[in-house]
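Me: Please give me a close look at a single part of this model, chain B, in one connected answer. After that, I'd like to see what chain A adds.

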Amino acid sequence: YTDMPEYSQIGKSTYYATTCRECPAGCGIIMRTFEGRAIKAEGNPAHPVNRGKLCSRGLTAVQGLYNPDRYKAPLRRIKRGEAATEALSWDQAIEVVRSALNGNPQRVAFYLGLNHDHLFDFVTELAQTKGMPAPVRFGALGMFEARATLVEATRQVLGKATFPFFDLAGADLVLSFGANFLETWLSPVAYSRAFGDFRRRGQPLKKRGYLVVLEPRLSLTAGSADEWYSIVPGTEGAVAMALGKLLLESGALRMPVAVEAGYRSVNVEAVAQAAGISLEKLQHLAQLIAQAERPLFLPGGGALGHTFGLENALQILALNVAMGRVGQPGGVFLIAGEEKADSFASVQSLIQRMQAGEVDTLFVHGANPLFELPQSLGFEQALSKVKQVISFATFPDETSLFADYIFPDHSPLEGFGYTRILTGTAQFAVSSAQPVVVPLYDTRATVDVLIAASGLPYTDEVDFIQRSLQPVFARSDAPELATFWARFLQQGGYWEETRQTSMAMDASTVPLKVLLPEAVEEKTFHLMVYPTQMGDGSGANRPWLQETPDPMTTVMWNTWVEINPKTAEELGIHNDDIVRLVSSAGQIEAVAYLYPAIRPDTVAIPFGQGHTALGRFAEGRGVNPVVLLQTQTNAAGDLAVGDTRVRIEPTGKRRPLARLESRSGVYGEH
Amino acid sequence: MAEEKQTGRWGMVIDLDVCTGCNACVTACAMENNIPWVGEEDAGYGRGMHWIRVQRYWEGEYPEVSPHYQPVMCQQCGRAPCEPVCPVFATVHSEEQQINLQVYNRCIGTRYCANNCPYIARSFNWFDYSQQIPTPMNYYLNPNVTVRRRGVMEKCTFCVQRIYEGQERAKAEGRVVQDGEIVPACAQACPTDAIIFGDLSDPESRVSKAARNQRRYTLLEELGTEPKVTYLKGEGTYGG
């Protein structure tokens with residue numbers, strides 16, 4: 001062949017701008033379609049969050065759309081927990097929803113995920129109209145990042161309850177306290193893109209950005225760092241305080257007034273001792289900060305998901321204030337949008353209501369609480385007290401297996417919607433979603449179902465979206481709504497170029513008091529559960545996400561436990577041995593991976609696998625570490641994920657992990 | 001002159017200082033090029049079909065340990081060790097594009113080429129994995145790329161379908177291909193823009209400029225394979 005057949009395709013591709021709804025970040029995608037089929041997700045180059053870039057999760061969105069195990073029509077489950085179902089028509093389905101909504105409004109509850117903003121707005125309006133309790137909105141990513149804690153800390157330090165935006169690209173030194181911003185934290189593609197700019201030398205004299213990461217286990221983000229310090233989990237805030245003290249002593253604080261008194265009392269040696277970092281290293285870090293023109297301090301989920309998580313967040317944010325980084329290029333900004341995610345505490349109160357038999361109907365959309373929440377919380381038992389569970393899941397997951405009715409929503413690529421941009425940019429931005437293909441099955445947009453059942457005065461989902469976008473339309477220069485709507489869909493959203501710079505800041509309220517976690521007992525270990533490319537676990541049904549190797553271990557298709565080789569040697573554990581992890585909440589068995597870059601007193605386990613329901617690619621694969629988690633919360637109501645302690649027990653069994661490194665021989669062990 | 005410009009020498013530069021090892025390139029490549037997945041067991045046996053992989057090396061011991069990432073795909077050698085060993089000329093050099101191409105319907109699966117490739121860049125389709133894609137997941141298969149069968153060797157093509165498409169488009173519009181107009185799927189997805197692709201025969205192209213960087217090196221330079229992929233060393237570890 002001189003011209004191979006693949007070069008002479010007849011036909012033309014059509015491209016649609018929409019929004020990735022695999023995580024709450026809201027990256028813009030341009031979907032390439034061909035003859036009515038979605039072929040390839042590509043980044044939207046004009047979008048302020050991702051500027052044409054995408055992550056593994058967004059790229060495999062089509063494997064969710066075309067997954068053979070999707071729900072294909074409305075169903076009634078014969079018995080909870082069992083696979084048997086019977087078919088229903090949409091008319092019957094709407095009747096079921098209508099009678100549920102017409103019951104006692106106080107006894108109706110909505111549990112929503114983080115991804116569908118237009119649905120959340122609709123349900124909020126519905127709840128207000130009918131006098132129902134406000135919807136609970138929660139997801140695993142929010143739990144591991146302790147999002148509510150970050151928002152509360154921002155309110156206390158910067159005066160507005162919203163996400164801060166960290167201008168990584170403009171900084172010259174970044175200290176990340178457990179923020180895995182290259183993986184899942186807040187808006188990973190936006191921060192990865194910014195990291196590229198941060199690192200690259202620019203014209204005329206931009207310095208190469210220098211990254212320091214402080215966290216107990218070397219994450220992918222720490223893997224790209226220039227310096228990594230494996231400090232004890234939970235001591236992040238104390239280390240920030242010690243750095244503040246050293247900076248105060250050397251006269252390097254740029255806005256010392258508010259925080260000076262707090263720093264004065266810090267015992268740096270004691271902090272160094274408790275955090276497992278030498279005094280020399282702390283002094284070295286303080287010197288780096290003092291010399292940097294634009295230092296930036298990131299409070300990540302690893303630091304916030306602790307009993308002192310809120311204090312940690314405040315103390316890390318306070319460093320930004322003390323170094324004069326608020327509202328400055330390369331510093332911290334307030335985002336333009338409003339944050340509406342709930343904390344773990346609101347989930348707990350919903351569970352209490354369910355336990356007390358105060359919920360007749362529970363609606364679930366875009367969340368999988370039976371998989372995501374710590375089992376010791378008792379969601380499953382509480383669910384059995386709910387008379388009627390209605391799930392809008394597009395995919396058979398653990399929670400929908402316990403639902404009496406399943407009224408499947410369209411896949412995100414088949415439906416309309418919008419996403420408020422809250423984390424990836426400080427600009428005002430709303431991202432648009434539109435169908436890129438005709439819905440494959442007999443599914444229906446949840447907003448349409450709720451409009452039909454509730455009688456709210458909207459003709460359909462698009463009508464609701466257009467009307468709730470009125471304030472955004474008012475900001476634009478479009479002469480009429482139709483013009484705005486056409487541009488909104490075509491460009492992938494609406495955004496403004498300017499960002500807010502003026503903000504109140506008040507570091508004087510920051511409780512600058514050193515708090516140190518309890519030391520682990522002999523033979524117990526800190527447990528770190530971290531999210532991966534599987535996101536909130538819903539990515540496990542994408543075969544190509546499963547086969548994309550984990551960047552650090554190169555493991556595919558399974559769950560592993562990371563143990564420091566020295567610890568493993570003491571415990572007599574080898575690579576591929578099955579070990580049992582036991583916490584006060586429960587126990588699991590998983591395969592050991594000797595990980596050379598983790599504290600000897602810490603073990604880490606990735607989240608996302610261990611599904612009992614999620615289609616053929618996910619079921620019965622790996623384990624779900626939430627079994628181990630305790631349900632302690634921090635002052636902002638978020639789960640103290642990082643305070644779980646475990647024991648490790650060998651089981652004598654072995655199961656080899658599928659590792660890419662074995663194939664290419666880069667590790668030299670196999 | 002315009003004629004000559006059309007026949008590019010395609011090349012790539014990967015800046016390891018900004019590569020975070022996130023594997024987005026790996027997934028992007030799989031989704032663009034109809035690469036089938038093989039499942040846990042076969043992946044464990046090393047039958048995974050990734051055309052690009054991110055190698056992770058550890059350096060040092062805890063706590064002074066640090067990883068280095070290196071995305072590796074077919075290096076599109078100027079003197080490719082895979083080419084002379086193929087008995088049926090299935091792995092051939094494209095005169096026009098100056099890259100190495102695999103002609104799938106010639107390949108008889110001797111796997112000599114993979115044995116002779118020093119970069120372990122070739123993957124062999126052992127069990128008709130693409131036939132195992134369940135309906136309707138086959139809907140997303142890219143019509144511009146062949147779906148390969150069992151017993152055929154495959155590898156990175158620099159997304160040759162995109163190169164052709166870009167050249168055809170430019171030709172139809174009566175102009176030359178612009179720098180940056182053609183991007184392979186990995187470079188397009190790369191969140192930090194660590195992968196730069198372009199025409200090495202144009203000294204002013206972004207890729208040519210990047211390839212002249214003082215941090216440059218090529219993989220296994222001493223073998224004389226003349227790779228078209230240039231790596232830029234990470235600054236943190238190796239010094240500027």
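Reply: Let's start with the vocabulary: helices (H or I, at least four residues) and strands (E, at least two) are DSSP runs, numbered from the N terminus. By that count, chain B has 8 helices and 10 strands. Keep in mind that this is a predicted model, where local features need pLDDT of at least 70, side-chain atom pairs count only at pLDDT 80 or more, and totals for chains, interfaces and linings use all residues. As for bookkeeping, residues are numbered from 1 along each chain as its sequence is written, chains are lettered from A and ligands numbered from 1 in the order in which they are written, and side-chain values use heavy atoms, with hydrogens and water left out.

Now zoom out on chain B for a moment. Its C-alpha atoms fill a box of roughly 55 × 50 × 35 Å along the principal axes. The radius of gyration (taken over C-alpha atoms) is 18 Å, and that agrees with the value near 18 Å for a compact globule of 240 residues, by a rule of 2.2 Å times the number of residues to the power 0.38. Of those 240 residues, 61% are buried (under 20% relative accessible area with a 1.4 Å probe, protein chains only; exposed is over 50%, partly exposed in between). Contacts (heavy atoms within 4.5 Å) tell you about reach along the sequence: of those in chain B between residues at least 6 apart, 65% join residues at least 24 apart.

Next, walk along the loops of chain B. Between strand 2 (53-59) and strand 3 (66-72) you meet B:Pro63. The bond joining B:Tyr62 to B:Pro63 is a cis peptide bond, with omega about 0°. Keep going past strand 3 and, in the loop before strand 4 (91-93), there's B:Gln76. Here the backbone has a positive phi of about 50°, although B:Gln76 is not a glycine. Is B:Gln76 buried or exposed? With 0% relative accessibility, B:Gln76 counts as buried.

Further along, look at the loop between strand 6 (123-124) and strand 7 (153-154) of chain B, where B:Pro136 is found. There's a cis peptide bond here too, running from B:Thr135 to B:Pro136, and its omega is near 0°. After strand 7, the loop that leads to helix 5 (160-172) holds B:Phe158. Phi of B:Phe158 is positive, near 60°, in a residue other than glycine. B:Phe158 has 2% relative accessibility, so this residue counts as buried.

So much for chain B; what about chain A? You'll find 24 helices and 27 strands there. The C-alpha trace of chain A spans about 70 × 70 × 65 Å along its principal axes. Chain A has a radius of gyration of 25 Å, which agrees with the value near 26 Å for a compact globule of 670 residues. Buried residues make up 66% of chain A, and 73% of its contacts between residues at least 6 apart in sequence join residues at least 24 apart.

One helix pair in chain A is fun to rotate on your screen. Helix 9 (236-249) and helix 12 (279-291) have axes that come within 9 Å and cross at roughly 65°. That makes helix 9 of chain A roughly perpendicular to helix 12 of chain A (65 to 115 degrees; under 35 is roughly parallel, over 145 roughly antiparallel, the rest oblique). On the helix 9 side, the contact is made by A:Val239, A:Ala242, A:Leu243, A:Leu246 and A:Leu247, while helix 12 brings A:Leu282, A:Gln283, A:Leu285, A:Ala286, A:Ile289 and A:Ala290. By class, that's 10 nonpolar residues, 1 polar and no charged ones (Ala, Val, Leu, Ile, Met, Phe, Trp, Tyr, Cys and Pro are nonpolar, Asp, Glu, Lys and Arg charged, the others, Gly among them, polar).

Finally, try two single residues in chain A. A:Val157 is found in helix 6 (147-158) and is buried, with a relative accessible area of 0%. Its C-alpha atom is separated by 9.6 Å from that of A:Gln315, 158 residues apart along the chain. A:Arg76 has its place in strand 4 (75-77) of chain A and is partly exposed, with a relative accessible area of 28%. Leaving out residues up to four places away in sequence, A:Arg76 touches A:Thr85, A:Glu86, A:Leu88, A:Asp404 and A:Tyr405.

Conventions. Axes fitted to C-alpha atoms, helices over the stretch in contact; angles between N-to-C directions.
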